[in-house]
Amino acid sequence: MSSSTVLRELQRDFEAKSNDLSKLQKDIAKNHQVRKKYTIQLGENELVLKELDILNEDANVYKLIGPVLVKQDLAEANANVRKRIEYILAELKRLDGNLQDLEEKQNSKKEAIFKLQERIQSLQAGKAKA
Amino acid sequence: MAAAAGAGAAAEMEKMSVEQVKAVKEQADMEVNILQDSLNNIRTATSRLEVASSALEDLSLRPKGKKLLVPLTASLYVPGTLDDADKVLVDVGTGYFIEKTTAEGKDYCDRKINLLRSNFDQLVEVAAKKKSIADEAAVILQAKLKHLAPST
């Protein structure tokens, strides 16, 4: 097998792996963005829950649904906010697992690319000497 | 404590190459900018809450049946009469509104203002630390660059 075909194959492999790496990095960035959004929503919902908790039983709670303010039952509002908080916590945990997975893949891709680079460089050096 | 951390970071940066120090400085600068933006946002939110609080104060002084002008759009006002100035609707977030008395409403505003003020103070501390790291990096970068290219 001629060394130039080996070299070309290695370079193609290198390009493919680099593309994979940049896609992984984009996925990681998107993960961070979604995490940020969820964390903000979680904070807001916890504030609302605190406000609802210090209310008397007979206080009126309204929910904005589109352009309409609808009167809600305090217990129902409490339950809704709690459920939303649970949902956000579950999503955040799922994102955390995702992120770990992506970061592991990113690191192993980086290693593979590095090794490829070494091989390419040594082959090119060998060719230059010949 | 912050000075010791700064000295430790400086010692680290002395050992790094010019490229790395530059990277550290740019990272720290970006973080300082983000923190400054957050501080500005908190200041805006705090001042809006203070306006709301003083508006409530004002509203509670007005008698029932007082004539007023109600804004329908930014340039259209219609005359109206003040009905019940004792109950107010407070926007607590995520689309929920709670009916409160004027006193409770003021209390809500005051609580939020205090929360924001304490967040602001915490952020100011963090921002100061980051700024000192950024400044250290800048100084070390200058020194290294001078060292690499001594002026004749």
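A pocket here is an open set of grid points with protein on both sides within 12 Å along at least five of seven lines. In this predicted model, the largest such pocket has a volume of about 1,200 Å³. Its lining counts 25 residues, and those closest to the centre come from both chains: A:Glu44 and A:Leu47 on one side of the list, B:Ala45, B:Leu116 and B:Asn119 on the other. Looking at whole elements, helix 1 (3-53) of chain A gives two or more residues to this lining, as do helix 2, strand 3 (87-93) and helix 3 (102-148) of chain B. Helix 2 of chain B tops the list of contributors, with 9 residues. Chemically, the lining splits into 13 nonpolar, 6 polar and 6 charged residues.

The second largest pocket holds about 200 Å³ of space. It is lined by 13 residues, of which A:Leu55, A:Asn56, A:Ala59, B:Glu99 and B:Glu104 sit closest to its centre. Strand 4 (96-101) and helix 3 of chain B are the elements that put two or more residues into this lining. The makeup here is 3 nonpolar, 3 polar and 7 charged residues.

Back to helix 2 of chain B, which covers residues 18-61. Its 44 residues should span 64 Å at 1.5 Å a residue, and the end C-alpha atoms lie 65 Å apart, so the expected and modelled lengths agree. Quite a few of its side chains are tucked away: B:Val18, B:Val21, B:Ala28, B:Val32, B:Leu35, B:Leu39, B:Ile42, B:Thr46, B:Leu49, B:Ser53 and B:Leu56 are buried. As a rule, an α-helix has 3.6 residues a turn, so residues three or four places apart point the same way.

As for nonpolar packing, the largest core has 20 residues, and the members touching the most others are A:Val48, A:Leu52, A:Leu55, A:Val61, A:Val81, B:Val92 and B:Tyr96. Helix 1 and helix 2 (74-129) of chain A, plus strand 3 and strand 4 of chain B, each supply at least two residues of this core. Helix 2 of chain A chips in the most, with 7 residues. Take A:Val81: leaving aside residues up to four places away in sequence, A:Val81 touches A:Asn45, A:Val48, A:Leu49 and A:Leu52, and also B:Tyr96 from the other chain. Apart from this core lies another, of 11 residues, including B:Leu35, B:Leu56, B:Cys109 and B:Ile113. Two of those names, B:Leu35 and B:Leu56, also appear among the buried residues of helix 2 of chain B.

Key
Residues are numbered from 1 along each chain as its sequence is written. Chains are lettered from A and ligands numbered from 1 in the order in which they are written. This is a predicted model: local features need pLDDT of at least 70, side-chain atom pairs count only at pLDDT 80 or more; totals for chains, interfaces and linings use all residues. Side-chain values use heavy atoms; hydrogens and water are left out. Helices (H or I, at least four residues) and strands (E, at least two) are DSSP runs, numbered from the N terminus. The expected span of a helix is 1.5 Å times one less than its number of residues. Buried means under 20% relative accessible area, exposed over 50%, partly exposed in between (1.4 Å probe, protein chains only). On a 1 Å grid over the protein atoms alone, a cavity is a set of points where a 1.4 Å probe fits but cannot get out, and a pocket is an open set with protein on both sides within 12 Å along at least five of seven lines; lining residues have an atom within 4 Å of a point. Grid points are joined across faces, edges and corners, and a volume is the space filled by probe spheres set on the points. Ala, Val, Leu, Ile, Met, Phe, Trp, Tyr, Cys and Pro count as nonpolar, Asp, Glu, Lys and Arg as charged, and the others, Gly among them, as polar. A nonpolar core is a set of buried Ala, Val, Leu, Ile, Met, Phe, Trp, Tyr and Cys residues joined through side-chain atoms within 4.5 Å. Contact means heavy atoms within 4.5 Å.
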